[in-house]
Amino acid sequence: MEQEKYTQLWLNYKNAEGNGGIQDVEIRGFSPENRVIKSAVCELKDGVSKKLAVAITQDITVLREGYCLEGSNDRVEIKASDEKGVLYGAFALIRALSCGRNAETLSEKASPSNPLRMMNHWDNMDGSIERGYSGNSFFFANDDMIIDDRTRDYARLMASIGINGIVINNVNVKGTATYLITDRFFDKVKELSDIFADYGISLYLSLNFASPIELGGLDSCDPLDESVISWWKDKIKEVYNRLPGFGGFLVKADSEGRPGPFTYGRTQADGANMLADIIKTYGGIIIWRCFVYNCTQDWRDRKTDRARAGYDYFKPQDGYYHDNVILQIKNGPMDFQIREPISPLLGGLTRTNQMLEVQIAQEYTGHQIDLCYLIPLFKEVLGFHTYSGEEKDTVADYVSGRTMGNALGGMAAVINTGNDMNWTGNDLAAANLYGFGRLAYDTDLTAEQIAREWIAQTFGLDREHEDILADMLLRSREIYEKYTCPLGIGWMVYPGTHYGPSIDGYEYSRWGTYHRADHLGIGVDRSDKGTGYAQQYYEKNAVMYNDPEKCPEELLLFFHHIPYTWKLKTGKSLIQHIYDSHFEGYEETEGLADAWKKLKDVIPEDAFERVSERFKLQLENAREWRDQVNSYFYRKSGIEDEKSRMIY
Ligand code: GCV
């Protein structure tokens, strides 16, 4: 048998009963020729049992991109107001059946929590992926584009979880990628965007803000310069001539060496609005990232605080951003650490479209070697009460548009895929890929519901084995946190790669990422006596974070410099907590690896072996973290472990 080039992840229709597809799809109100309806019908034929007839009905009472499923006898009706709703309804039907639900009793109604549900690829045109842990890009190689069977399967997978926008190239736009908006690539980008369009997905590109210089030969990219504006007008007109249906641009400006408006003494709003005004004519949007900070900080400087930067740069212009600009904000103020507070910009902006950015590529969370199911973390972010005084005050409320009544907002994930045959390197990391899409579509789903759906569709396990795997996933984030950096301090990773421990790796660097440990204590004082970061929150949260007695302990070292002898709520000292949590983290990782062994007979052999190999590496990593962190703090503090365990 020919080896599969890549798996179908949760869309493995080989498991579908009958596997021949239905013959009877009745369509009322939609054109069967509509490209998205055609895709939906195709999926239904492949993915649903032969015995089932499906009717597709237009029903304008259903919300945009939403659907209703109603089952009776041997027939299911999908009602939707638009073609995307039909497609999502078709996938919902397939999902329900593969999760063991009975067609006859099916009654489900859903509409998306977020208008925009996006994947951000950090794929480079040479085929590499910035922070990619599952092979190379399936979009690019050798400075050219790849369009093949996998492209369509990727679009199907994304549509099946409700994704409606995809940025295909890295936000660090350099070299050939700058030319994606030129004749050199238009035909291929168009071909790709047509495939996406069949699945209700808009294609977006990351943009090089210096394009007027690099492509246009101008000597400036000042957003208020008439010649620059005129260059962009022509360019964007050309883009839409060649790529009708193009979604818009994602922009990383003035960050980590990328060009931007600051060079010309202009604000981020000046840059974003200039592009937005031009693209508006074509219905496009500008998604502008708020990851702007000083990356050439002197570690001696204790006043500058990278955590403050996003709010300090973007809050003053709240209300100045035009209505087709969305500010894209990372979930935490630093950078996708295993534990950070929620960015105070989320909901701190009250007159600006905003979008939450999370990272399912496991840059700081184990490189898709270590198991780390991230949906519980995302749920915490979405459920965070900003206490802004609005009735709808959670992050989920703000980014969905519910608080401000705005139409543009949503969630974006830095994606964890590559051209590995299983897409995500670690087969279990696909739970994050699946989970992000499902959560962005329905933020009320629980992490457990999502995990169980994913397991059922991917492996089809009986209840006993499903429980084992669900439990592994649900505990994995906490376990990873235990053996890595304690109580929200972050970093301590190997510089550059960001995998494995290097406690002082970033301590004397320019990146603004310090733990400030000395022989008495550890942590960064971000209270009103320190950098003042805690004051960027609305009062209730500001008061809580400002006081070490009130601060949630999992974030204690993010906000305060704390003595090793400080008593935590458990009655343990801080240093004892560090020792205990690291020993526990390693032991619990052993527990994960043992639990996985119990699934040997129910998981396909190749997947079982791949994941087993990863657990071996995770154990090595956890051991290294445990021993380095414990030894480091033992040597700094000179305080013995109460349980006299081996510390080096
Ligand atoms: C794409 C972090 C990563 C960079 C990434 C950057 C960003 O700094 O380490 O690789 O660049 O975030 O989000 O822009």
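## The five-stranded sheet

Two strands count as paired if DSSP finds at least two bridges between them. With that in hand, welcome to this predicted model, where an open sheet of five strands follows the order 1-2-4-3-5 with mixed pairing. Strand 1 (25-28) and strand 5 (107-110) form its edges, each pairing on one side only. On average, and with direction ignored, neighbouring strands here are turned by 15° against each other.

Inside this sheet, strand 3 and strand 4 (residues 75-80) run antiparallel and are joined by five bridges. One contact to look up in your viewer is Ser72, whose bridge partner in strand 4 is Arg75.

## The barrel

Next comes a closed arrangement: eight strands form a barrel in the order 6-9-10-11-12-13-14-15, and the pairing is parallel. Neighbouring strands of the barrel sheet are turned by 25° against each other on average, again ignoring direction.

Where do strand 6 and strand 15 fit in? Strand 6 (residues 116-120) pairs with strand 15 (residues 410-414) in the parallel sense, over five bridges. Along this pairing, Met119 stands opposite Ala413 in strand 15.

## Two helices side by side

Helix 13 (residues 463-483) packs against helix 16 (residues 574-597) at an angle of about 155°, and their axes are 9 Å apart. Angles over 145 degrees count as roughly antiparallel, and helix 13 and helix 16 are therefore roughly antiparallel to each other. The crossing of helix 13 past helix 16 is left-handed.

Helix 13 brings Ile468, Leu469, Met472, Arg475, Ile479, Lys482 and Tyr483 to the contact. From helix 16, the residues involved include His582, Glu584, Tyr586, Glu588, Leu592 and Trp596. By character, the residues of this contact divide into nine nonpolar, four polar and four charged.

## Aromatic pairs

For anyone interested in ring geometry, a pair of aromatic rings is described by the distance of the centres and the angle of the planes. Searching the whole structure turns up 36 aromatic pairs.

Among them are Tyr67 and Tyr441, whose ring centres lie 6.4 Å apart with the planes at 20°, so the pair is stacked. The pair links distant parts of the chain: Tyr67 belongs to strand 3 (residues 67-72) and Tyr441 to helix 11 (residues 430-441), 374 residues apart.

Conventions: Residues are numbered from 1 along each chain as its sequence is written. This is a predicted model: local features need pLDDT of at least 70, side-chain atom pairs count only at pLDDT 80 or more; totals for chains, interfaces and linings use all residues. Side-chain values use heavy atoms; hydrogens and water are left out. Axes are lines fitted to C-alpha atoms, for helices over the stretch in contact, and angles run from 0 to 180 degrees between N-to-C directions. Helices (H or I, at least four residues) and strands (E, at least two) are DSSP runs, numbered from the N terminus. Angles under 35 degrees count as roughly parallel, over 145 as roughly antiparallel, 65 to 115 as roughly perpendicular and the rest as oblique. A crossing is left-handed if the near helix is turned anticlockwise from the far one by less than a right angle, and right-handed if clockwise. Contact means heavy atoms within 4.5 Å. Ala, Val, Leu, Ile, Met, Phe, Trp, Tyr, Cys and Pro count as nonpolar, Asp, Glu, Lys and Arg as charged, and the others, Gly among them, as polar. Rings of Phe, Tyr and Trp (its six-membered ring) pair if their centres lie within 6.5 Å; planes under 30 degrees apart count as stacked, over 60 as edge-to-face and the rest as tilted.
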